[in-house]
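Please consider the following structure and the account of it given below. The discussion proceeds from a single residue to the chain as a whole.

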Amino acid sequence: MQHTPTLAFQAEIDHTYVSQIERGISNPSLQVLCKIAEALLVSVIDLLSEPEDATE
């Protein structure tokens, strides 16, 4: 059985740190944002941008 790699594994950062970022407990550095963006195959700008269909 093959396991799908997690974001933390793909980005080479600790899974507890990813969880803290997801829950808004920690703010990632630019270096960490770059690793996450690379793992997700998106740009850092895409990570920081609001979705185009967001409503206020």
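Ala8 is buried in this predicted model, because its relative accessible area is 6%, and a residue counts as buried when that value is under 20%. Ala8 belongs to helix α1. If residues up to four places away in sequence are set aside, the contacts of Ala8 are with Ile13, Asp14, His15 and Val18. A further relation links Ala8 to a distant part of the sequence: Ala39 stands 31 residues from Ala8 along the chain, yet their C-alpha atoms are separated by 8.7 Å.

Ala39 leads to helix α3, which spans residues 30–40 and in which Val32, Leu33, Ile36, Ala37 and Ala39 are buried. Viewed down the axis of α3, these buried residues fall within an arc of 160 degrees, and therefore they line one face of the helix. What do the buried residues of α3 pack against? Their partners are α1 (residues 7–11), α2 (residues 15–22) and α4 (residues 44–48). On the face of α3 turned away from the buried side are the exposed residues Leu30, Gln31 and Glu38.

The loops between the helices also merit attention. Between α1 and α2, the loop includes Glu12. This residue is exposed, since its relative accessible area is 66% and exposure is assigned over 50%. Glu12 has a positive phi of about 60 degrees, although it is not a glycine. As a general matter, most residues other than glycine have a negative phi.

In the loop between α2 and α3 lies Ser26. Is Ser26 buried or exposed? With a relative accessibility of 15%, Ser26 counts as buried. The side chain of Ser26 forms a polar contact of 2.9 Å with the side chain of Gln20. Leaving out residues up to four places away in sequence, Ser26 touches Tyr17 and Ile21 as well as Gln20.

Leu41 follows α3 and is found in the loop between α3 and α4. Its phi is positive, at about 60 degrees, although Leu41 is not a glycine. Leu41 is exposed, as its relative accessible area of 76% shows.

A nonpolar patch on the surface is formed by Leu40, Val42, Leu47 and Leu48, which together have about 320 Å² of accessible area. One of these residues, Leu47, is found in helix α4. Leu47 counts as partly exposed because its relative accessibility is 31%, a value in between the limits of 20% for buried and 50% for exposed residues.

The chain as a whole may now be described. The protein chain has 4 helices and 0 strands, and its elements follow the pattern α-α-α-α when read along the sequence. Of the 56 residues in the chain, 20% are buried. The accessible surface of the chain comes to about 4900 Å², and carbon and sulfur atoms account for 53% of that surface. Among the contacts with a separation of 6 or more, 21% are between residues 24 or more positions apart.

Technical notes. Residues numbered from 1 in each chain as written. Predicted model: local features only at pLDDT ≥ 70, side-chain atom pairs only at ≥ 80, totals over all residues. Heavy atoms only, no water. Buried < 20%, exposed > 50% of the residue type's maximum accessible area, 1.4 Å probe, protein only. Helix = DSSP H or I, 4+ residues; strand = E, 2+ residues; numbered from the N terminus. Arc of directions from axis to C-beta. Contact = heavy atoms within 4.5 Å. Polar contact = N/O pair within 3.5 Å; in protein donor to acceptor, adjacent residues only side chain to side chain. Patch = residues over 30% accessible without salt bridge, like charges linked within 9 Å, V, L, I, M, F, W, Y side chains within 5 Å. Areas by Shrake-Rupley, 256 points an atom, 1.4 Å probe, with all protein chains shown as cover. Salt bridge = Lys/Arg side-chain N within 4 Å of Asp/Glu carboxyl O.
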